[in-house]
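Please look over the sequence and the structure shown here before reading on. The briefing is meant to be read alongside them.

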Amino acid sequence: AVYAKRYDGNPNVEFVDVGTYGLWGEGHTHASSKQDNLDLQKLHIAMHLKHFKKTLLCISDDYAGHNKPGEHFPITDYALSQGITIRDDSILADPRKSNPWYHAEMAQTFWPKMPVILEHQHYGPSKQMGNWNPELIRRSVEEYHASFMSIHGFPKEYLAENGEMIDRINQRM
């Protein structure tokens, strides 16, 4: 309630994560409690809906399962029915795959009605591991029809090293 009092309707806040459930607040429990429970997930959503009346809420795609591909899941269908959108974390976490993300097809249900939010893998470690690929980041924006992308790194370094990619992505968002 206190959090919403400060941030609900704040013009500097575009969205708020329902980040009170799962490891890192990302909705998944596969590496912790293993309590992937629809009723618990709905409870966390209800707590946010009770207090956030103006600001867009989102859940992580990992509420449905961190690596389960598919378009429809009970929790994402429920979230959409409640006016809550999705955010996919850690785009490029495994760039060896032909598609280094799991849930672009899930976004297809959301993007015609609501903004979709992306967050790529941590920028510094991604570069160190040789995973950083601006073209794949751009492609993820296209496939998800993303409206927002969270910067997962130091903004000045990120902008200095990725200005062209940011310009191209901003033209699509």
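The notes that follow take up one helix, two pockets and the nonpolar core in turn.

This is a predicted model, and every value below was computed from its atoms. Helix 3, which spans residues 74–81, recurs in several places, since it also gives two or more residues to the lining of the second largest pocket and to the largest nonpolar core.

**Helix 3 and its surroundings**

- The residues of helix 3 that are buried are I75, T76, A79 and L80, and because their directions, seen down the helix axis, fall within an arc of 135°, they line one face of the helix.
- An α-helix has 3.6 residues a turn, so residues three or four places apart point the same way.
- On the face turned away from this buried side, helix 3 carries the exposed residues P74 and S81.
- The cover over the buried residues of helix 3 includes two helices, helix 2 (38–51) and helix 4 (104–110), together with strand 2 (56–60) and strand 3 (85–91).
- Just after the helix comes G83, which takes a positive phi of about 80°.

**The largest pocket**

- The volume of the largest pocket is about 360 Å³, and of the 20 residues that line it, E26, D62, D89, S90 and A93 are the closest to its centre.
- Strand 3 provides the largest share of this lining, with three residues.
- By residue class, the lining of the largest pocket divides into eight charged, seven polar and five nonpolar residues.

**The second largest pocket**

- The second largest pocket has a volume of about 160 Å³, and its lining is made up of D36, N37, L38, Q41, Y63, A64, G65, K68, F73, P74 and I75.
- Helix 2 and helix 3 are the elements that give two or more residues to this lining.
- Six of the residues lining the second largest pocket are nonpolar, three are polar and two are charged.
- Two lining residues were named above for helix 3: P74 and I75 both line this pocket, although P74 is exposed and I75 is buried.

**The largest nonpolar core**

- The largest nonpolar core has 40 residues, and within it the residues with the most contacts are I59, I137 and Y144.
- The elements that give two or more residues to this core are strand 2, helix 3, strand 3, helix 4, helix 6 (134–144) and helix 7 (155–172).
- Leaving aside neighbours within four places in sequence, I137 is in contact with I91, L92, H120, W132, M149, M165 and I169.

Note on methods:
Residues numbered from 1 in each chain as written. Predicted model: local features only at pLDDT ≥ 70, side-chain atom pairs only at ≥ 80, totals over all residues. Heavy atoms only, no water. Buried < 20%, exposed > 50% of the residue type's maximum accessible area, 1.4 Å probe, protein only. Helix = DSSP H or I, 4+ residues; strand = E, 2+ residues; numbered from the N terminus. Arc of directions from axis to C-beta. Contact = heavy atoms within 4.5 Å. 1 Å grid on protein atoms, 1.4 Å probe; cavity = no way out; pocket = protein on both sides within 12 Å on 5 of 7 lines; lining within 4 Å. Points joined across faces, edges and corners; volume = space filled by probe spheres on them. Nonpolar A, V, L, I, M, F, W, Y, C, P; charged D, E, K, R; others polar. Core = buried A, V, L, I, M, F, W, Y, C linked by side-chain atoms within 4.5 Å.
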